[in-house]
Structure formats: C-alpha cells, structure tokens
Amino acid sequence: MSKTNLTRRGLIKTGAVAGAAGLTLPTYLRADGHSGFTNAPTGSTVTLGFNVPQSGPYADEGADELRAYELAVEHLNGGGDGGLMNTFSSKALQGNGILGKKVEYVTGDTQTKSDAARASARSMIEKDGAVMITGGSSSGVAVAVQALCQEAGVIFMAGLTHSNDTTGKDKKANGFRHFFNSYMSGAALAPILANNYGTERKAYHLTADYNWGYTTEEAVRNSTEAMGWETVAAVKTPLTQTDFSSYIAPVLQSGADVLVLNHYGGNMVNSLTNAVQFGLREKQVNGKNFEIVVPLYSRLMAKGAGANVKGIFGSTNWHWSLQDEGSKAFVQSFGTKYGFPPSQAAHTCYVQALLYADAVERAGSFNPCAVGEALSDFQFDGMGNGPTLYRGEDHQCFKDVLVVKGKENPTSEFDLLEIVEITPVSQVTYDASIFGGELGACNPGA
Amino acid sequence: MGILEVKNVGKRFGGLQALGDVNLSVAENTVHAIIGPNGAGKSTLLNVLVGKLIPDTGSVMFDGKSVLGRKPYEINQMGISRVFQTPEIFGDLSVLENMLIPCFAKRDGAFTPNAFIDMFRDREIVERAEQMLEEMNMADARNDNAATMSRGNKRRLEIGMCLAQEPRLLLLDEPTAGMARADTNNTIDLLKQIKDERDITIAIIEHDMHVVFSLAERITVLAQGTPLVEDTPDKIKGHPKVREAYLGESQDAA
Amino acid sequence: MFGLDKKHTNLLLLVAALTMLAPFILNPFPEGSGMAQFNAGYPDLMQRFVIFGIFAIGFNILFGLTGYLSFGHAAFLGVGSYAAMWMMKLLTMNVIPAIAVSIVVAGLFSLLVGWISLRRSGIYFSILTLAFAQMSYALAYSVLTPITGGETGLQPKLQDPRILDGALEAGASPRANLFGLEMTSSFEWSVGSWLFTFNVGYYVAAVAMLLSFYMAIRIFNSPFGMMLRAIKSNQQRMNYTGLNSKPYTLAAFVVSGMYAGLAGGLMVAMDTQVGAERMFWTASGEVVLMTILGGAGTLIGPVLGAGMIKYMENIMSKINETILHQWFAFLPDGIENLLVAMVYPFIGKGWHLTLGLIFMLVVIFLPGGLVEGGQRIARLFKRKKPSSDTPDGKTTPAE
Amino acid sequence: MEAIILQILNGLDKGSAYALIALGLTLIFGTLGVVNFAHGALFMIGAFCAVTLSRLLQLSHTVIDDSQTDFLGNPLKVEVPYLYDIFGQSTGDAIIDWAVPISILFAIPVMIAIGVAMERGLIKHFYKRPHADQILVTFGLAIVLQEIIKYYYGANPIPTPAPDAFRGSFDFGAALGFDPNVIIYPYWRLVYFAFAALIIGGVFAFLQFTTFGMVVRAGMADRETVQLLGINIDKRFTLMFGLAAAVAGLAGVMYTPINSPNYHMGMDFLVLSFVVVVVGGMGSLPGAVLAGFLLGILESFASMREVLEFLPGLNQIIIYLVAIIILLTRPRGLMGRKGVMEE
C-alpha cells in the first residue's frame with residue numbers, strides 16, 4: 001500500500017481493488033511526515049465541502065451560496081451551459097470534472113458559529129474525505145475554519161467574509177479570499193461620498209462592537225477623513241442589539257450631518273430601519289441634507305430593510321446588473337436554473353469554486369501546496385469583476401469594487417441596488433504588510 | 001434553672017404585637033406544653049426558639065448559651081430538634097436515607113464534603129440509622145420511598161430523625177394536627193415512650209387538649225402574645241382565666 | 001471494584017467498554033453505502049460526544065442532585081477554553097497544563113459566580129447565573145477583544161511565545177499534543193469495506209470522560225451526594241437537621257463548574273480554537289436540554305442526552321436533497337419526489353425542527369427522559385420474571 | 001439636558017416594549033405557574049400575522065409588460081394586486097399601506113385561538129410537572145414554531161412598514177421650546193408607546209374590575225382555595241393563556257414597523273423578557289411593568305456616548321448588571337411575592 005493512499009476513500013478503494021481478504025493493518029496517520037496530502041482523491045471522484053449557514057439569521061444567504069455551489073459543480077462536470085467557464089480567461093477547465101475526476105460535494109451547516117462551523121468542516125474532512133472546504137458568511141466563521149484547514153492540510157476558499165482580518169492578521173497559507181474587505185470598502189466609498197456630499201461633512205459612526213465593525217469603522221474613517229470629513233463621534237453597539245433607537249436619537253444633536261452604519265446583517269437592517277424611522281433623511285443639518293451611509297451592502301440586507309435603502313450609498317463585491325460578459329453569463333446561467341438573479345454571496349462562492357478547480361487543473365494536482373502555488377499571484381479576467389489578481393503575499397483578490405446605492409424605483413424584489421461607480425482596482429490596493437499577521441507555510445497535511 | 005430560658009421576649013410585625021413580654025422556663029427532662037388560642041403567638045415563639053425569627057427584645061438561652069442570631073442549623077447542632085406541623089421529611093429519598101442524614105449531621109457536623117466514601121459502607125452510620133428504624137418500628141420500610149408513606153408514618157419517621165440526633169430538647173409543633181384519632185393515639189404513645197426511655201426535654205405546642213393532658217407535666221398558656229398562666233395540668237384544667245381566654249375562642253372556631 | 005458496589009461497577013465497565021469501542025460501535029455501516037451517512041465514528045464527533053458528555057455529567061451534579069437550575073454554565077466552559085488556549089499560546093502545546101489550568105480557572109470563576117448567585121434560589125438563581133454568563137459573553141465578544149480575540153476568537157499562532165516548547169520547524173504549525181503525541185493523529189483500520197478510525201485526541205478525551213463519570217458515581221453514592229439530593233428534596237428539613245445547605249450547594253456548583261472547565265479545556269485540546277459564542281445563553285440552554293432530555297438526576301442520562309443532541313446537530317444537518325434523492329432513487333420518480341418533499345423539511349437545514357419535535361415527544365411521553373425510555377424497554381423484557389426488581393422509584397439514582 | 005430628555009423618552013419607549021412582552025409572560029407565570037419558553041415564539045407569530053396579512057392584501061396576478069425587461073432580458077412580468085381590481089389603485093394602495101394596523105383585528109382571534117389550543121393541547125398536561133419539563137417542552141415548541149415560520153417565510157427579515165401617515169418624527173424640542181431638530185421622536189414609536197400603555201392599562205383594568213379578573217387574581221394567590229370554592233378555575237386559566245398569547249401577539253404586530261420581523265426575533269426577546277419578569281418579581285404584574293421601564297431607561301442611558309467614554313462596554317451588560325444588583329438587594333425582585341418559583 002502506497003503512502004498516498006492514506007485517506008478513507010483511498011484506503012477503501014485500494015482495499016477493494018486488492019481484494020485482500022478485506023483486512024488491512026491499522027495505519028498510523030500523522031499530520032505531517034508523509035509525502036502525500038490530506039484526503040488525496042484516488043478514485044474517479046473528488047469531494048468538495050460546502051460549509052454554509054443553513055440555520056440561524058444568515059440561512060437565506062447560505063441557501064443562495066449553496067445554489068451557486070451546486071451550479072458550479074454542474075458546470076465543472078460538464079452540465080448546464082458552462083456558465084463562467086466560457087468567459088473565464090483561463091481555459092484549463094474542460095467540463096470533465098477536475099483533473100478528470102467527477103466532482104461530488106457534501107454540505108454542512110455553520111450556524112454562523114465558529115464552533116459549529118469547525119465541527120461541520122472537520123466532519124467533511126475526517127468523514128467525507130473533502131479535499132477543499134469553502135463557504136461561510138461571516139468573518140468569525142471564516143477565520144476559524146481557515147485556521148482549521150491550515151491545520152488539517154486542506155485548501156479553504158472563503159465565502160462571504162469582509163473583515164480585514166481574514167487575509168490580514170489571521171491570514172493562513174491554505175486560505176484564499178475572493179471577496180473584498182473593509183479597507184477596500186472605505187477606499188472605494190470615500191471619493192464617491194466626497195463627490196456627492198461634498199468634503200465639508202461631519203460624520204457620526206455607529207459601529208458593531210466586534211472585530212469586523214472595528215476594521216470597517218477604521219477604514220471608512222481614515223479614507224473619509226483624508227477627503228476632509230470630520231468624525232464627530234463613533235459609538236459602539238452590541239451585536240445582540242435589536243433596537244437602535246437609543247443610539248440614533250442623539251445623532252442629530254451632535255451636529256453631525258452624515259450617519260455611517262458600520263453594521264452587517266440583522267444589525268444593519270434594524271439600524272437603518274430605525275434611522276429612517278427617525279426621519280433623519282428629511283432633516284437639514286449645517287445647511288445640508290442629512291445623509292446615511294452603509295459601508296457594506298448585500299442584496300438580502302437591502303431586501304430586509306425594504307424601502308429604507310432608497311438612495312443610500314454603500315459598497316458591494318458584485319451585482320447582477322453588471323454588464324460585462326462574465327456577469328451576464330453568470331446571471332443567465334443562475335437565473336435560468338433558479339428563476340431569480342444571484343446575490344453577491346452566490347457570485348463569490350461560485351467564482352471561488354471555479355478558481356479552485358482551475359488552479360488544480362493548472363497545478364496538475366490536488367496537493368494544497370501545489371494548488372496554493374497556482375493560485376498565488378494568479379491573474380485572471382472574465383469572472384465579473386474585471387481583471388483580478390490573487391495576491392500571493394496575503395491570498396487576497398484585488399479587483400474593482402462597486403459603489404452602489406438603493407434604487408428609487410425597483411422593478412422587482414431583486415432590483416434593489418443600482419451601481420453608481422466601479423472603483424478601479426488601483427484605488428483600493430494596499431500594502432500587504434499593513435494588517436500584520438503571518439501567512440506561514442502551506443500545509444499539505446498527512 | 002431550666003434548660004431553656006426565655007426572658008422578656010417581644011416581637012412586633014408592623015402594627016401587630018405578636019409577642020409581648022414572654023418569660024418561660026423549661027426544666028430539664030420534663031414535658032412542657034405551650035397552649036393558647038389561634039393568634040396567641042405560639043408559632044412566633046417557636047420560630048424564635050429555632051432561629052427562624054429574631055425577637056426585637058429579650059433573650060433566649062439554651063443550656064446557658066444564647067440562641068439569638070444563630071441560624072437554624074447552628075441551633076440544631078446545639079441540641080434542639082424540631083418536629084413540624086406537617087411532617088417535613090425528604091420525600092424523594094428512601095426511608096433509610098432519611099435516617100442516615102441526621103446520623104451524618106450528628107457525627108460530621110454542619111458541613112463535611114466527604115464525596116468519596118460510599119455512604120452505605122459507613123458501617124457506624126448505617127448501623128445507627130438501622131437501629132433507629134428498629135426503634136421506630138419501621139425497619140421493614142427501609143427501602144420505601146418516604147413520600148409514599150402514610151401521614152402517621154411520616155410523623156413517626158420525622159420524630160425518629162430528630163431522635164437520631166440525640167437532641168437535648170425536642171420541639172413539637174402540633175404533632176397530631178390533621179391526624180385521625182388512631183394515628184393521634186399512636187403518636188401519643190410514641191411520645192410517652194420517648195419520654196420514659198430517654199433523657200430528653202420535650203416542649204410541645206398543641207391545640208388538642210387530649211394530647212396536652214396526656215403528656216404534659218407543665219403547661220404554659222399563651223394569649224395575645226403573653227403568658228397567661230404556667231402550672232401543672234391539673235391546676236390549668238380548672239383555671240378560670242384559661243377557660244375564658246381559651247375555651248371561648250375554641251368555641252368560636254368550632 | 002474501584003470502591004463501587006456491583007451494580008455501579010458494572011455500569012462503569014459498560015460505559016468504559018462503549019467509549020473504548022466507540023470507533024466500531026459508531027461506524028456500523030460500510031463506507032460508500034447509503035447508510036454510511038449515519039456513521040458517527042469520525043474523530044470530531046466522537047470527541048464532541050465525550051466532551052459534551054463531561055459537560056452534562058457535571059451540570060447534572062448541580063441540577064440533577066440539588067435541583068438548582070443554572071442557566072449560565074456555558075460561561076465556565078468558555079472561561080476554561082480561554083484559559084487552556086492561553087496556556088497553549090504562552091506555555092506549551094502540551095495539553096496537560098492547558099487542561100489543568102482550565103479546570104482551575106473555571107473552578108475559581110464558578111466559585112465567584114456561585115458565591116453570589118446562591119444567595120437566591122429558584123428562578124432568581126437561574127436569572128443570576130444567566131446574567132453572569134451573558135455578561136461574560138458580551139464582554140468577551142466586544143471590549144475584551146485583546147484577550148479573547150472577540151469575533152474571530154483565538155487560535156495558536158506561529159509567533160506565540162510558548163516558552164516551554166522549542167522553536168517550530170520551518171513550515172510546521174503548532175499542534176496540540178500529549179508529550180509529542182498529536183491529538184489529531186489517528187490509526188485507521190480497514191476491515192472489508194468498513195473503516196475504523198482510532199484517534200489519539202478521542203482516547204485522551206474518553207479517558208477524561210471515564211474519570212469524570214467515575215467521580216460522578218462516587219459523588220452520587222457518597223454522603224455528600226445524598227446531602228445534595230436532600231437539598232433538592234427538602235431544604236427546610238435539611239437546615240433543621242443541623243446541616244448548612246449553603247456550602248453543600250456551593251461545593252456542587254464549583255464541582256460542576258470544574259467539569260465545565262474540563263470540557264472547555266478538552267475542546268481546545270481537541271480543536272485548537274475558542275470563540276465567544278461558546279458562552280452565549282443558547283450554549284447554556286443546550287446543556288440544560290441535554291440533561292433533561294437524557295434524564296436529570298440519573299448517572300447515564302446526561303451523557304445520552306448530549307450524544308443525542310450532538311448526533312442530530314452533526315449528522316442530520318449534513319443530509320441534503322441530493323442524498324435524499326439517492327436514497328429513494330429505486331422508487332418510481334413520482335413517489336421518489338413525494339417522499340423527498342415529505343422528508344426534506346426535517347433534515348438538512350431543517351434539523352432544528354426535528355430536534356424541537358424530539359424535545360417535545362420525549363418530555364411528553366417519557367417524563368424521565370431517555371433513561372426512562374430505556375427502563376421501560378428493560379421492564380418489558382423483565383416482566384416475565386418474578387418481581388425481582390422492586391420499583392425503587394426515585395429513591396436511588398437510576399442508571 | 002436635551003440628551004437626557006431624549007434618553008428618558010427613549011427609555012420609556014423601549015420600556016413600554018419590554019413591559020408589554022413581559023406582561024404576557026408574567027401572567028402565565030402568575031396564573032398557571034408555567035415557565036413558558038414559547039412566549040417569545042408567540043410574540044414572533046404575532047409579528048408574522050402582520051406579515052401574512054400584508055402578503056394576503058398584496059396577492060397579485062401577473063401582467064406582461066412588453067415595454068420593460070427583467071434581468072434575463074425577457075419581458076417584465078408586473079404583479080398587480082387583486083385589491084387594485086376590486087377597489088381601484090388608490091384605495092388598494094391605501095389598504096395595503098395600512099396593513100399593520102389592520103392586522104390587529106386579524107391577529108387577536110388568531111392569537112387567542114393559538115393560545116387556547118396551546119394550553120388545552122399541551123400546557124395543561126404540564127401544570128403538575130417539574131419546571132425543567134415545562135422548559136424542555138416549551139423550548140421544543142418554540143423551536144418547532146420558529147422553524148415552521150422559517151420554512152414558509154425564509155430567514156431574512158421582511159420589511160413591514162408603518163402607514164405613510166406615521167412616517168417621520170415629531171419634534172418635541174420645538175414643542176418644548178428647545179432648538180428644533182434636537183429632540184425628535186418617530187410617530188410610530190409614539191403610537192407604539194400609546195398602544196402599549198393602552199394594553200397594559202386594559203389588562204390591569206380587566207383583572208381589577210371584572211369578576212373574571214377577581215377570580216383569576218384569587219387563583220394566582222391561592223389556587224387550591226379557589227378550587228375548593230367550586231369555581232372552575234381551569235377554564236378561566238385557559239382563557240388567561242389565550243389572553244396572554246394575544247397580548248404577546250399584539251406586541252409583535254405593532255413591533256413590525258420598528259424592526260423588520262424575522263423568524264428568530266422571539267428568541268432574541270426571550271432572555272430579555274425573562275430578565276424583566278424576574279427583576280420585576282415573580283407573579284407581579286405591576287413589577288413586570290416597572291422593571292420594563294426601569295431597564296428600558298437604564299439601557300438608554302448606558303448607550304449614551306458620554307457614558308461609554310468612561311465605561312466602555314457598559315451598554316453590553318447594563319441589563320444584566322442591573323438585574324444582578326436588584327436581585328441581590330431585593331430577594332424577590334422589585335415586587336415579587338414570597339414563595340413563587342423559589343423552590
């Protein structure tokens with residue numbers, strides 16, 4: 001028995017082929033010290049693990065991510081219309097699976113809790129033999145699962161995670177993020193805000209009291225202050241807060257004329273709804289219209305906040321109304337299958353799945369170190385965000401960032417945001433060292 | 001000097017003077033009954049004796065030591081055991097376990113976290129508990145759930161649990177309340193037996209004159225928070241003040 | 001044996017056999033078969049079974065014996081986890097100091113919380129413990145971020161000092177170990193189409209669980225345990241029998257807090273990560289549910305309850321629509337789709353629904369929890385024999 | 001000064017929401033002695049009554065509009081509510097606009113029915129069972145209820161706005177002689193406050209001045225005695241459960257414009273409402289209301305940035321800190337009765 005067969009699937013299939021009385025000696029597995037890698041696929045299939053929130057507040061986002069993954073698997077295996085494989089600049093993927101192996105997948109529920117997410121990811125690695133884990137819709141989960149994948153020796157392709165930490169202080173060699181981050185949101189938003197609201201503004205920040213909130217507040221503050229804005233106050237709000245009235249009521253009194261809501265998910269839906277309820281947007285302060293800004297938008301959040309989002313600026317990673325070939329192909333493919341346009345979470349997950357498969361093809365191996373090398377400093381196009389670079393120093397994608405605002409006259413329940421500007425990648429690029437952290441060496445596992 | 005000396009005890013609840021100026025002396029190895037109409041302050045007095053209430057004035061000395069300000073378990077460890085109006089036992093535990101607890105309390109004190117010995121292997125304690133069950137005539141029921149017993153047996157068990165601690169003073173709060181006649185007589189016999197066989201002082205609060213006159217050697221009559229008379233049963237029976245205060249009330253109640 | 005009577009020795013041996021053979025027992029279905037989905041014999045889940053078993057056993061010492069319902073025990077688990085993680089960051093990746101410190105720290109924290117909360121009883125006590133746990137959670141998630149890592153939690157990092165460990169080899173990452181034996185390493189043994197995994201971490205946790213279980217038996221049978229049951233039964237009589245119930249309750253609280261700390265330390269030892277949501281009130285609620293579901297006040301019940309909930313969470317949630325279609329593929333399409341449509345709401349993302357239904361069904365039909373279910377089945381088989389076992393009601397803790 | 005007035009206003013508003021939710025919970029505690037972990041779910045179902053009604057009112061048929069295209073480039077399908085066909089567009093829009101207030105009428109019978117069904121079908125079998133069993137069964141029920149809602153409505157919050165007439169906010173500052181635009185408060189929150197006061201007052205009056213209420217209060221004090229008097233207290237308690245469910249449900253209906261409802265909003269409020277009830281004192285209705293307002297006001301003050309600068313994180317823990325302090329200084333909460341849920 002060769003050492004590369006040290007995985008569940010490998011063992012079983014080798015055992016079956018050998019037909020050796022059905023009994024093999026116990027094998028001692030150690031995390032390192034073998035020439036192979038964790039869960040090396042040996043049969044005719046390869047298993048990917050899709051770890052998304054299926055229960056809890058982000059369940060709908062998770063459901064959309066799962067749809068995207070299923071679509072990606074279909075395309076990788078040669079089904080459907082091929083989607084983004086047709087527009088992707090790399091042509092390594094053939095539609096015959098990955099390296100000729102049919103793609104299979106397992107799913108799990110992160111519950112948006114890091115413990116549950118790690119339990120689910122470990123079961124995919126230990127029980128199902130997954131060679132790559134992807135998904136998630138919060139930074140806490142992403143960082144936790146990324147660290148696990150580093151330890152276990154599999155690749156982690158992050159889903160929706162926006163905190164600087166994921167590819168900043170908590171970056172890992174086995175982890176890769178396509179989604180943008182807080183820093184990029186700030187850098188992309190600030191010029192647009194200055195153009196629309198002027199440079200003489202006084203901002204009041206409400207910030208979710210945890211890591212993502214801190215990095216987002218910092219990013220938006222730094223970039224708006226650079227434009228000449230003044231930050232009047234920044235107040236931290238508990239994650240578990242549902243009614244933000246006591247935080248919003250004092251805003252007008254402070255003399256601020258812009259409210260920045262560094263909130264995500266349910267927090268953002270509620271704080272924005274509350275702020276609009278207070279009639280802030282109809283007020284005049286310092287002779288200017290009072291404005292509200294939401295640094296990170298998602299369509300599901302916009303849907304939850306309903307009419308309150310109208311005219312409010314924010315940033316997103318991607319939006320289905322983009323008119324480049326890649327975006328059009330993806331919307332066509334997803335919309336035909338499911339009947340509605342994909343969300344940005346679906347897009348980033350789909351792209352991550354394809355990027356992984358492509359990297360494996362180009363590397364010619366599922367070995368995480370080989371895949372990591374193929375992804376590092378990989379430049380591509382045709383995935384809906386224009387020319388993109390997977391930076392090798394921190395495994396973060398650099399691409400254009402969309403500044404959007406809530407649409408005044410939506411034609412459907414999905415048509416909630418309109419693109420204001422596509423901020424070019426050059427404006428949002430930063431030095432990899434500014435957030436600290438250490439990438440470490442790639443870990444191929446067993 | 002009695003084993004229990006109550007001096008000038010007063011207790012007021014808001015506007016109500018529950019105890020006026022109570023003086024009481026219980027002599028060692030006697031049966032002393034405290035009787036009185038409803039609202040006379042019997043329960044308040046009892047609660048003062050066991051540490052549940054702290055009086056506003058006065059002193060309570062047991063065996064020369066003050067009980068005031070001590071918690072019920074401390075007073076119990078001084079040698080006062082209390083039997084409740086409705087039997088208070090450990091309903092979720094077996095009869096034997098009910099008996100083991102006071103035996104442990106007697107030997108090991110108020111708190112001993114001995115978590116690593118098997119309680120049934122502590123021969124000294126188990127033998128003592130089984131002996132007490134024999135004496136109470138309940139050895140057959142040792143493995144029964146205490147909650148399933150009859151009220152009379154629960155009372156018997158409770159008294160046994162108190163005796164297992166070898167108290168110097170046994171306080172009984174209407175021990176036959178709500179009992180059928182037969183159970184009442186059994187309880188009287190049991191108490192008589194205890195009185196005859198042990199060096200123990202018994203103070204009993206009772207409504208039932210039959211019980212009082214069957215057992216008591218001295219009787220204190222309490223009315224409106226103050227002792228009216230204290231004397232032997234024979235003298236109390238005919239006392240005009242007692243008839244007035246007590247029987248008048250009890251006719252109303254009937 | 002072990003200072004236990006025959007009945008309890010047998011119970012301990014049974015539990016020991018079950019935990020040691022768990023890799024076989026939990027993997028009854030051959031790999032690749034449709035039923036393999038239900039196999040639970042992989043390291044992560046086996047570890048979780050025993051760790052949450054420890055947590056529930058400890059909780060039961062407080063709740064099952066004294067009747068004091070703490071709604072904040074997850075705080076002790078979380079504090080234990082943080083303590084263990086810091087030991088791994090500062091001292092060594094060896095799990096022994098980490099686990100020892102987690103027990104001590106959780107014990108001290110529970111002493112503080114218990115000392116304050118036990119001034120009240122009943123629901124007032126429950127709310128006090130809940131308040132302490134929620135404060136711990138909220139602070140750990142936000143202002144204590146420098147110590148707790150906040151949202152992203154803590155993991156061992158390459159640049160941690162780890163003063164007792166030598167420098168890592170280039171490219172190696174810090175791994176929890178027991179004197180060099182890594183928690184993540186496993187023996188795998190393939191028999192026919194079955195595959196059994198023997199994980200080092202699991203056996204470390206399993207030994208800790210057996211020790212915990214043994215200690216719980218000793219406590220249940222000791223005078224101390226009886227005093228705790230007496231507190232639940234009649235605190236008034238307890239006080240008038242010369243016993244001070246306060247230190248007994250506090251001792252039970254601290255012991256169960258230390259069990260929670262051990263569980264927290266083991267969680268970090270098995271999977272080097274800690275996050276604040278481990279202390280959220282739902283986590284405290286989970287251990288309450290585990291204990292009641294299995295049978296509060298019984299020895300084995302909490303372990304069963306913990307296993308049941310973790311099994312549901314990890315196995316049921318992973319069954320998706322595609323797998324259902326595979327199961328029912330042999331049926332005609334119409335019936336296949338109908339069956340999938342009927343089953344789908346209860347599995348995968350609907351696993352919470354099934355869990356809720358199980359809670360209700362168990363508590364309605366089996367008031368004593370899963371243990372009572374077991375007893376009823378046992379009684380069915382024993383009925384023929386002459387009444388050898390007298391129904392001892394609640395007088396002795398059932399198994 | 002303005003900041004303090006503003007936070008008192010805020011606290012009263014928050015407090016009224018807390019009090020309203022806690023009211024139903026303490027009614028069930030007090031009358032039935034049941035720990036109802038499904039109370040939050042009742043609040044949530046009330047909110048989804050509003051969502052359901054607003055969806056019913058917007059039931060539509062589709063009309064193909066060739067002049068516009070959808071995201072795939074096909075002709076746009078425009079949804080036209082049936083209400084437009086019946087009442088014309090402007091009246092139809094007005095009815096849809098008022099969906100939330102209209103749902104009050106819809107929610108009352110629905111919630112009473114759910115409450116009575118719950119009590120008769122499930123809760124009544126648990127009166128004699130330990131609190132632990134009550135917790136397990138009602139928690140299970142809460143999970144089942146919220147998973148059913150999630151199955152039909154998804155996990156995302158659903159915006160349910162107030163009628164246009166209540167948009168915007170009232171300028172207290174201008175009315176009180178301060179600078180305008182400083183002390184403002186949304187109209188709908190004022191409506192909520194008035195509504196909560198009305199319901200709380202109504203429940204008190206009902207218990208105080210009706211025979212039914214008298215019997216229930218007597219039953220709360222001493223159930224056995226009332227039963228000995230030959231009064232069928234069980235039937236009244238069933239109705240009481242229906243009433244508590246209706247109160248929770250109405251609190252949910254009116255809350256929908258303040259925060260978009262989602263399936264787990266009940267769980268979010270559950271812990272808070274328990275804290276309010278216990279701080280108020282078990283079995284005390286006035287206690288629950290008082291505690292609701294107290295915690296609401298203190299929470300508002302703790303969220304002021306002037307306070308947070310000195311004590312960062314105070315807003316995270318204020319509710320629990322206050323609960324601990326009150327329970328340690330007043331053993332049975334603010335107005336609790338002796339012996340209720342203390343064992």
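User: Two strands count as paired if DSSP finds at least two bridges between them. In this predicted model, how many residues lie between β9(B) and β10(B) in their hairpin?

Analyst: Strand β9 (residues 218-223) and strand β10 (residues 226-231) of chain B run antiparallel and are joined by five bridges, so they satisfy the requirement of at least two bridges. In one of these bridges, B:Leu222 has B:Pro227 of β10(B) as its partner. The turn includes B:Gln224, whose phi is positive at about 45°. The number of residues between the two strands of the hairpin is two.

User: What radius of gyration does chain B have, set against the globule rule for 254 residues?

Analyst: Chain B contains nine helices and ten strands. For 254 residues the globule rule gives 18 Å, and the value for chain B is close to this, so the chain is as compact as a globular protein of that length. Along the principal axes, its C-alpha atoms fill a box of roughly 60 × 40 × 35 Å. The radius of gyration of chain B is 19 Å.

User: What percentage of the contacts in chain B with a separation of 6 or more join residues 24 or more positions apart?

Analyst: Of the 254 residues in chain B, 46% are buried. Among contacts in this chain with a separation of 6 or more, the share from residues 24 or more positions apart is 68%.

User: What radius of gyration does chain D have, with its 343 residues?

Analyst: Chain D comprises 15 helices and four strands, and 53% of its 343 residues are buried. Its C-alpha atoms occupy a box of roughly 75 × 50 × 35 Å along the principal axes. A compact globule of 343 residues would have a radius near 20 Å, and the value for chain D agrees with this. That radius of gyration is 22 Å.

User: Among the four pairs of chains that touch, which has the most contacts?

Analyst: Chains A and B are not candidates, since they do not touch and their nearest C-alpha atoms are 34 Å apart. Chains B and D likewise share no contact, with their closest C-alpha atoms 13 Å apart. Among the four pairs that do touch, the most contacts are between chains A and C.

User: Which element supplies the largest share of the side of chain A that touches chain C?

Analyst: This contact takes 52 residues from chain A and 48 residues from chain C. Elements of chain A that each supply at least two residues include α1 (8-18), β3 (102-109) and α4 (139-152). By class, the side of chain A has 20 nonpolar, 16 polar and 16 charged residues. The largest share, eight residues, comes from α4(A).

User: Which element supplies the largest share of the side of chain A that touches chain D?

Analyst: Here 41 residues of chain A meet 41 residues of chain D. Among the elements of chain A that each give at least two residues are α2 (59-76), β8 (230-237) and α8 (266-277). The side of chain A consists of 18 nonpolar, 16 polar and seven charged residues. The largest share, five residues, comes from α8(A).

User: Which helix contributes the largest share of the largest nonpolar core?

Analyst: This core has 459 residues, and those with the most contacts inside it include A:Leu259, C:Phe55, C:Ala263 and D:Val247. Beyond four places in sequence, C:Phe55 touches C:Leu77, C:Tyr259, C:Ala260, C:Ala263, C:Val287 and C:Ala306. The largest share of the core, 16 residues, comes from residues 245-270 of chain C, helix α11.

Definitions and conventions: Residues numbered from 1 in each chain as written. Chains lettered and ligands numbered in written order. Predicted model: local features only at pLDDT ≥ 70, side-chain atom pairs only at ≥ 80, totals over all residues. Contact = placed C-beta atoms within 7 Å. Nonpolar A, V, L, I, M, F, W, Y, C, P; charged D, E, K, R; others polar. Rg over C-alpha atoms; globule rule 2.2 N^0.38 Å. Buried ≥ 20, exposed ≤ 12 C-beta atoms within 10 Å, placed from the backbone. Core = buried A, V, L, I, M, F, W, Y, C linked by C-beta atoms within 7 Å.
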